[in-house]
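Visitor: I am in my first year of study, and I should be grateful for a close look at one part of this structure. Please explain it step by step, and then place it within the rest of the chain.

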Amino acid sequence: MPEFTFRSAQQFSATTMDHRKMKRLSMDMDGIRIDSGHPSEASDITSDHDNDNDSLSTSNLFELRLTSTKGFGLVATKEILRGTCVTSELPLFTLPPTVSHNGPERALAILKALQPLTTTQLDAYTALHYNARSVNLPMREAIRTHLLSKQYTESTLETAVKDNIIKVAIFNTNCVSTGENSSLGSGIFLNFSRANHSCTPNVENCFNTVTGCETLYAIRDIAENEEITVSYIDQLYLPVEERQHALRRWEFKCDCSACEGPDAEESAHRRRKIEGLTEVFARLEKKPRPPTSSPLRVHMPKSVGEKSEFAEDLVALLKEEGLVGMPLAYALRWASKYGLEAGKCLAALEFARQAVEVEQTCVGDVMKLPDSAEAWLNKLKGMAASDDKRFKAERERARKEQEKERIKNEKEEAKREKDEAKRLEKEAWQKKKAEEVSQMALWVAEAARSKREREVSESEAKTDAKKKKEAAKTALKKARRVVRTSAEKTEVDDVDVERLLAGLGAEETMALAEKLSELQSESKVWETLHEEMAKKRY
Ligand SMILES: C[S@@+](CC[C@H](N)C(=O)[O-])C[C@H]1O[C@@H](n2cnc3c(N)ncnc32)[C@H](O)[C@@H]1O
């Protein structure tokens, strides 16, 4: 029968993520089903679990909040940076590894382990979520038989049986393995018990064998108010249906962005590739993965170069997919190992460094995982420091590459400078040309303007002259009219007057008219006219 325990990063195999002996929560599908629930929702839970257990980490990085669909969950109260230890807590209590995972004695061992708890501790424990199906029929029978020996009435017995089944279910739902491959058994951790699942979790959980604490480390930056999520399952690269199948034990359907929504298809595509590459390395490392419902046919790499490329592809895919916890640490290890085999020693060293960094981000630097990435890094550093011929050859290659790169850069720089000088020269020439053109345009405009002005003044002068001529003509007409009128009034002969006017120039006519106009008497007018006629006749 499967056991009921969360996985823990500490239990990951150092060589393949598929070979991790993770102990995960599982359900006794044959057991009697009673309703599971969130009893905690009805109880008075505060963010810092007001109990007297020293192990309970009170962190100001997160608080317990009721989520819309997942019951309670841990939510960041401020931004949490990658690598931060979100919580490190001692167990409320543990069960020794000798207690079987599915046998009826497990139920009794759990009830016994609860006895020393204080009321506050017990309250915090009973407030936890449980899946009732996690208690199988033999465990239920054992609980009933155990209670029959106590002094219960018929009516109180049923309630006591139900209460005790719930207590066992709480353990089965929330317990996590302690020690390497459950070597220390399993325990209940109050903070960890509240972490919900995501297929792209933002924290990695790990049992720290040095401190005896269960830790949650942020594997990427977590925003304020973002939920803190772990993975309940090992193989996050499985297809969505298989992940949901593995999660059915916790009685919920995961609706994270890798399972549902606009990005799910792209994520599924990437995870399929990750699964294939993980299978490749499981085979290369001779660490078969746990069987899945869809056996994989993969293309095995033919050369060391291809192996190293496959590992690098896996690293890139995991990063793209946001699976940046222990699976990435292992992929980096493979990239390092196969990189070294392919003669890419310096890249291997860099991948090893990254593997250590990612591993420490997942588990902190106090605890050393068995066959840790650090041991591998130290080995590579040792090789690099000694006169290892692979490193020597690669360094020489890298030196030559660098030299080639330097010469190439210098040539490019010289070409860039030459091009720049040409460009500046062209720019200056174009500027000069543009200035010449605009100067020319100014001149043309100026010439056009003065031509226009000349034409205007010429036409004004013509108009003026015309006006003057018209005015002189009018004045002459008027003067002639004055002379004729004066002649008419004084009965001077018309023919004589016309002869006089024909003989007078314009100015003379106007002077005569003016003179006649000023004269008061007709006799003077007659005289003046005859004088003028006499002058002309003479
Ligand atoms: C270990 S408990 C986690 C804390 C729990 N939500 C609570 O209220 O205490 C596991 C249970 O949380 C709920 N859960 C966890 N992850 C979930 C998810 N991604 N979606 C919906 N429910 C989830 C399920 O009911 C599951 O059985």
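Guide: Helices and strands are here runs assigned by DSSP, with at least four residues for a helix and at least two for a strand, and they are numbered from the N terminus. Please also keep in mind that the model is predicted. By this naming, glutamate 488 belongs to helix H11, which covers residues 389-489. We shall return to that residue at the end; the part to examine closely is the surroundings of the ligand.

The shell around the ligand holds 16 residues, of which Lys70, Phe72, Arg194, Asn196 and Trp250 come nearest. Sorted by character, the shell consists of six nonpolar, eight polar and two charged residues. Three of the nearest residues can be followed atom by atom. Phenylalanine 72 takes part through its backbone, where an N or O atom lies 2.7 Å from an oxygen atom of the ligand. Arginine 194 instead uses its side chain, with an N or O atom 2.5 Å from a ligand oxygen. The side chain of asparagine 196 likewise offers an N or O atom, and this one is 2.7 Å from a nitrogen atom of the ligand. On its own, the ligand has 560 Å² of accessible area, and the protein covers 96% of it.

Next comes the sheet to which some of these residue numbers lead. Four strands form an open sheet of mixed pairing, in the order S1-S2-S10-S7. Strand S1 (62-66) and strand S7 (196-197) are its edges, and each of them pairs on one side only. Strand S2 spans residues 72-76, and strand S10 spans residues 227-230; these two are antiparallel and are joined over two bridges. Within S2 we find leucine 74, whose bridge partner in S10 is isoleucine 228. Leucine 74 is classed as buried because its relative accessible area is 1%, and the class requires a value under 20%. Leucine 74 also illustrates how folding brings together separate stretches of the chain: serine 193 is 119 residues away in sequence, but the two C-alpha atoms are 9.6 Å apart in space.

A hairpin can now be added to the picture. Strand S8 (residues 203-208) and strand S9 (residues 213-218) run antiparallel and are joined by six bridges. One of these pairings links glutamate 204 to tyrosine 217 in S9. Four residues lie between the two strands, and glycine 212 has a positive phi near 75 degrees in this hairpin. S8 is mostly covered, with six of its six residues buried. Val203, Asn205 and Phe207 point one way from S8, while Glu204, Cys206 and Asn208 point the other way; residues of both groups are buried.

Further along, asparagine 225 occupies the loop between S9 and S10. Most residues other than glycine have a negative phi. Asparagine 225, however, has a positive phi of about 75 degrees, although it is not a glycine. With a relative accessible area of 48%, asparagine 225 is partly exposed.

The helices complete the view. Helix H6 (residues 264-284) has 21 residues; at 1.5 Å a residue it should span 30 Å, and its end C-alpha atoms are indeed 30 Å apart, so the two values agree. Just after H6 comes lysine 286, with a positive phi of about 55 degrees. Lysine 286 lies in the loop between H6 and H7 and counts as exposed because its relative accessibility is 69%. Helix H7 covers residues 304-321 and includes glutamate 321. That glutamate is buried, since its relative accessible area is 7%. The side chain of glutamate 321 makes polar contacts with two arginine side chains: one of 2.6 Å to arginine 270 and one of 2.7 Å to arginine 271.

We end with glutamate 488, as promised. Its relative accessibility is 61%, and therefore it counts as exposed. Tryptophan 526 is 38 residues from glutamate 488 along the chain, and their C-alpha atoms are separated by 9.8 Å.

Note on methods: Residues numbered from 1 in each chain as written. Predicted model: local features only at pLDDT ≥ 70, side-chain atom pairs only at ≥ 80, totals over all residues. Heavy atoms only, no water. Near = heavy atom within 4 Å. Polar contact = N/O pair within 3.5 Å; in protein donor to acceptor, adjacent residues only side chain to side chain. Areas by Shrake-Rupley, 256 points an atom, 1.4 Å probe, with all protein chains shown as cover. Nonpolar A, V, L, I, M, F, W, Y, C, P; charged D, E, K, R; others polar. Expected span 1.5 Å × (residues − 1). Pairing = 2+ DSSP bridges. Buried < 20%, exposed > 50% of the residue type's maximum accessible area, 1.4 Å probe, protein only.
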